[in-house]
Every structure is written in structure tokens, then in C-alpha cells.
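Open the model in your viewer and keep the selection tool at hand. This tour moves from stop to stop, saying what to select and what is there.

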Amino acid sequence: MTLRPPPRLTGLVALAAVLALAIAFSPVRGGRPVFLDVGNLTDILRQVSEKGILAAGMTPIIISGGIDLSVGSVLALSATLAGSLLMRADAGLWPTIVIVLAAGCLCGLANGLVVARWRIQPFIVTLATMSAARGVARYLSGGAAIPLGFGEGGAPPAFRALAAPIVPYVPMPAVLFLCSVGAIAVYLTWTRAGRYVRAIGDNEATARLAGVRVGLHKTAVYVIGAGLAALAGLIHCAQLEQGNPNDGAGYELDAIAAVVIGGTSLSGGVGTVGGTLVGTLIIGIINNSMGLNNVDANLQLILKGAIILAAVWLQTRRPAA
Amino acid sequence: MGFSQCNLGEPWRVAMNAEVAARARDFPDLEIVYADAQQDNAKQVADVENFLRQGIDLLMISPNEARPLTPIVERVFRAGIPVVVIDRGIEGDQYTTFVGADNYQIGREAGEHIAAVTGGRGRIVEIRGLPGSPPAVDRSRGMHDAIAAHPDLQIIHSPVANWLREEAMSQMEMALAAHPRIDVVYAHNDPMAIGAYLAAKAKGREQEMLFVGIDALPGLDGGRQAVADGRLDATFVYPTGGREAVEIASRILHGEAVPHRVVLQTEKITAKGSGRISHAGPRG
């Protein structure tokens, strides 16, 4: 089993290039580029945090040779469930968080068991979950969003901590995003389970012959991915002060894009969550820079497509091992 | 009669169905069957074909898109079944009545409101809906025409947020970073106006500017409540037409003559006029 070196350097080169462009084209106020304001930089982290958490959870799944299309719907279901528990069931802060995370993990368990036991392609399995989770979310709320009210008879104000800065300029969603990346990095790099995931993605049959419990580890990556999607859903609910069953559509594709820009191969076996962090930041900086400059929305889509393609091209230009 | 709705995933259309059902209770001789095309033209054509097989006496339809739905509506109309078209039109004139609001007019009234509250001077952020969609185009054009008479009213930033609260929040953060002073945020719908408000509040700048939205849906997550809570300065009713369509359908079935086109009027909702009291607890 030969593994190619992680593409950290090329990823960082692409990130540096995007940063340089963002600074060069930033609007200037008081002699300083607005892009470099501390407030703006932490805004970027907040703006990418939800999709970044999805992308962090997506990374082990893709490394294992799988894919998860259901995370956007699981995010919506989690946000709606959180709104429903807080506003209609009067569940407290911690019961809400525990129930939502457990429900998310349950979606992942369903994905993982069907993929691992029945050997059905993850693309189809998670496509089914994507539809079902969205349906449950809409059923739960009757189709409309559940707005959060705080104070008497409403949601506990402590729930807002999920969206607020911990200390000035450090928003909680950004901290949870970086913690998720850190946790996945530990899992993939320093645990035996993480090395097995890589081995399964590299060659499942070989891993099985070597005695790796393939079913267990494949199930685990889907549970982790959906659990993180539920965390992103809780943040989503707190940030927007509502649980909307129609939100999160297409988030799974942005998460997959961030993972791939970060150098993880869609064919499995190769990739790092550090790369995913870089990929997420590249997308976030591009969006922020174009937003600051009030670039025409149609042009934004074209430029984003071109830059994603360029970033992936940079990643694949390394010599084959 | 049959009511073919193009997409029940949108709160505004859920409200339209609720209005139809509520008004229909006042006409005991009307029985309505519903269909939801889930934003799919082909499904909506099939829905109408199903209605025909069920033997409806009148068709109410809010088409997903004009062109793909025109042939089936013409077929129904030529078969002698009256057709009431709601909100989005179809091509030609092979239908009995069209009921809908005028987005251009709503944009104009929003622009005139902005000119009035700012005294004709101010810096505006315009948060736009899905590019190219008729409501986004007309709500923008109407507002631009209304403020054209005030050269000191400037649109300094006009991001697209695709009708979504979450995207409006991110876009507003960038507008706040890029502009030290903003006087008015005009959003093409209420969810985007509320998203912009949340972004400004997180930066402690929500008092600096007024937020104006469109739609004024009822319900806790609607724009009326946001005005009552003081989050939005004003919102403009985009009537669903559900109530009026049922009334017209009843008149048609009783053999009365009805106009070929009914344009619904908007209404401005401000904190004074909305008369609703916040029950979401202390706001902040």
C-alpha cells in the first residue's frame, strides 16, 4: 500500500495566491485594505463555518472511498428539530443539543449500516437519506420555519452562545469549525481507526484480507459525518434564529468542493483534513473578496467556477507515487 | 374545482393555499381538490390532466412557468372549463381571469417610502432576489424608478442573496465591512431583510439604518411579526390572491361576468399600522 504525500504545499500556494489577490483588490478605507480588518477576517471564518464543519466531516467519508449527499438535509433537519424542541417542547438547552446530535448520528448510522451491510453504493444510499431527512424536517414543522423567541416562554438565551463571539472578534461558529477540523485531524492521523479508513479507501479488498473490520469503520465515518452535520445545524439555527426545513439545500456540494480543492481524491485513499481547511478558506476568501467589491453576481459564479478548477488543477499536477 | 399549486415548499405559497381553504369555507357549494407540483412543470401538467379525469368544473392554477403550462391550460379552457390563473401568468389569453399583484408597483411604493423616511438623502444597500426572476427584476426596477428623482439617494451596494436569510446575512456582513455608513437596507423579500438585520445587530450597527422588506406574510416567522418586533421599519404586502381567486371562481360558477385581469393592491405595514404585539419576549 503506497500513499502519495499529502498535497499540503500546493494547497498553501493556492491559498496564498487567493489571499494576495484579495488584499490587492480590496477596497481601501483609512489607508488600509478593508479585507484585512480583524472583523472582516473573523467574518470570513464565521461565513464558512457551517459548510466547513460539513466539509471536515465529509473528509473521512471521501477518504474511505464513499460520499455523503445527505448532509445538507441533515443540517436542515437538525436546525428544524432544534427550533421545535426549544420553542414547542420547551426542552432545555442541553437536552436539545444532545437530542439533535443523537438524531444526526442516527441518520449517519442508517447511511453507514446500509452502505456497509447491504453493500449498496453510498451515492444512492445518501441520496435516499437526503430526500427522507428533508421530508421529515418539513413534516416536523409543517413546511414553515420555526422562529426562535428568547426570554420568557421562549428559547433559553444561552442557546445564542452558539452564534455569538466567545471573546470579541472570535465567533463561536468559527471556534467549533476549527475544533471539528482538529478532531478529524487527530482521528485520521493519530488513531488506528483513521489509518484503517485510509486503507479501506485505498483498497477495500486488501484491507479486509489484512483483518480490518471494514463494516465497522465504514459505518463510523458516516456517523461522524452526520453528527458534525447536526452540529452545523445547531449553529445554523442559532445564527439565523430560526429552524427552517428548506435551508441547507446544496450545502453538500459546497462541502464536497472544499474537500476536493483541499486535495482529497474522490476515488478514496488519499487526503487530509488540513487540505479541507485550506479548501474551505479558499472558497470563503473568494466569496468575501467579491462581496466586498460588489462584483456582479453572474460574474461571481463564473469566477468561482474558474478558480475552483484552477485550484484542483494545481493539486493534481504533483508526480504520481 | 381543482387548484394546482406549483410549489408548496415556499411559505408564501403555503399562505396562498391557506387563504384559498379559509375563503372556500364561506362557499359551501365549492369543493376543492389540491395538487402540489413541487416546482416541476411536467408534474403540474400531469396534475391538471388528473383534474380533468376527475371531472372538475373549474381550474385554479398558479403556474410554475408560463410557457410549459400554456398548452394544458388552453386545452382545459377550450374544453369549456373556466380557468383562474393566479400570481404567475401564462401566454396568450386562453383563460378566464388572471389574479395577481404588481411587483413593479410594490417596488415603486417601497422606493417612495425610502425617499420619504430619509428626506431624499441616504446611502442604500439593495439586497436582491434570484437574478433574472420576474419579482426580483420588477421589485428592483420599481424602486430604482421611484428614487431616480432624488439624486442624493444612492445605491452603494447591491448583492444577490437568492431570497435566502442565510445568504443575506453573509452579504450584509461584507456590505458592513465595505461601507462605514449605511442608511437604508432594501431587500426584495422579508427573509433577506431579517438576515441583513441580524448581521447588522451582530456588529452593533442595527440602529444606524432602516430595514425595508417585501411580502408581509402573517405568522411568527413572517414579515409582519418582524415589523411588530421592531426589526424591520416597513414591509409591503405581496397579496397571494388566494382569497380573491376563490371569490372570482364562485362568481364564474354562478354565471356572473368577471374581469379578464384583476390586479391586487399592496399595503404598507409599519410598526404603527400593523397593530400586533410582540410575544417573542424582549427583543435584542
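How many bridges join strand β1 of chain B to β3(B), and do they run parallel or antiparallel? Select residues 2-5 of chain B for β1 and residues 59-62 for β3. Four bridges join the two strands, and they run parallel. Bear in mind from here on that this is a predicted model.

**Stop 1: strand β3 of chain B**

Pick Ser4(B). Its bridge partner in β3(B) is Ile61(B). Now add strand β4, residues 83-86 of chain B. β3(B) and β4(B) pair in the parallel sense, over three bridges. Here Leu59(B) has Val83(B) as its bridge partner in β4(B).

Next, show the side chains of β3(B). In a regular strand, side chains alternate between the two faces of the sheet. Both faces of β3(B) are covered. Leu59(B) and Ile61(B) are buried on one side. Met60(B) and Ser62(B) are buried on the other.

**Stop 2: the domains of chain B**

Colour chain B by its domain assignment. Domain 1 covers 2-95, and domain 2 covers 103-238. The C-alpha centres of the two domains lie 32 Å apart.

**Stop 3: the six-stranded sheet of chain B**

Find the open sheet of six strands in chain B. Its order is β7-β6-β8-β9-β10-β12, with mixed pairing. Select β7 (153-157) and β12 (268-270) of chain B: these stand at the edges. Each has a single partner strand, so one side of each is left without a neighbour in the sheet. Neighbouring strands of this sheet are turned by 25° against each other on average, direction ignored.

Zoom in on one edge. Strand β10 of chain B, residues 234-237, is joined to β12(B) by three bridges. The two strands run antiparallel. Ala234(B) has Thr270(B) as its bridge partner in β12(B).

Now add helix α4 of chain B, residues 103-118. The helix lies across β6, β7, β8, β9, β10 and β12 of chain B. α4(B) runs at about 165° to β9(B), residues 210-215.

**Stop 4: where the chains meet**

Show both chains. The contact takes 25 residues from chain B and 29 residues from chain A. On the chain B side, select α1 (11-24) and α6 (165-178): each supplies at least two residues. α6(B) gives the most to this side, with eight residues. The chain B residues that touch chain A divide into 14 nonpolar, seven polar and four charged.

**Stop 5: a helix pair in chain A**

Move to chain A. Two packed helices are described by the angle between their axes and the distance between the axes. Select α2 (38-63) and α9 (214-240) of chain A. The two pack at an angle of about 175°, with their axes 8 Å apart. That makes α2(A) roughly antiparallel to α9(A).

Show the side chains between them. From α2(A), the residues in contact include Ile53(A), Leu54(A) and Met58(A). From α9(A), they include Tyr222(A), Leu228(A) and Ile235(A). By class, this contact has 14 nonpolar, four polar and one charged residues.

**Stop 6: Ser73 of chain A**

Select Ser73(A), in helix α3 (71-87) of chain A. Is Ser73(A) buried or exposed? Ser73(A) has 28 C-beta neighbours inside 10 Å, so this residue counts as buried. Leaving out residues up to four places away in sequence, Ser73(A) touches Met130(A), Ala133(A), Arg134(A) and Gly248(A). Measure to Met130(A) in the viewer. The C-alpha atoms of Ser73(A) and Met130(A) are separated by 5.4 Å, with their positions 57 residues apart along the chain.

**Stop 7: two positive phi values in chain A**

Most residues other than glycine have a negative phi. Asp90(A) has a positive one, near 55°. Look for Asp90(A) in the loop between α3 and α4 of chain A. Asp90(A) is partly exposed, with 13 other C-beta atoms within 10 Å.

Then select Arg119(A), in the loop between α4 and α5 of chain A. Phi of Arg119(A) is also positive, near 55°. Arg119(A) counts as exposed, with 8 C-beta neighbours inside 10 Å.

**Stop 8: Phe25 of chain A**

Finish at Phe25(A), in the loop between α1 and β1 of chain A. Phe25(A) is partly exposed, with 14 other C-beta atoms within 10 Å. Beyond residues up to four places away in sequence, Phe25(A) touches Ser289(A) and Asn293(A). From Phe25(A) to Ile166(A), the C-alpha distance is 31 Å.

Methods: Residues are numbered from 1 along each chain as its sequence is written. Chains are lettered from A and ligands numbered from 1 in the order in which they are written. This is a predicted model: local features need pLDDT of at least 70, side-chain atom pairs count only at pLDDT 80 or more; totals for chains, interfaces and linings use all residues. Two residues are in contact if their C-beta atoms, placed from the backbone, lie within 7 Å. Ala, Val, Leu, Ile, Met, Phe, Trp, Tyr, Cys and Pro count as nonpolar, Asp, Glu, Lys and Arg as charged, and the others, Gly among them, as polar. Two strands pair if DSSP finds at least two bridges between them. Axes are lines fitted to C-alpha atoms, for helices over the stretch in contact, and angles run from 0 to 180 degrees between N-to-C directions. Domain bounds come from an automatic or database domain assignment. Angles under 35 degrees count as roughly parallel, over 145 as roughly antiparallel, 65 to 115 as roughly perpendicular and the rest as oblique. A residue is buried if 20 or more other C-beta atoms lie within 10 Å of its own, exposed if 12 or fewer, and partly exposed in between; C-beta atoms are placed from the backbone.
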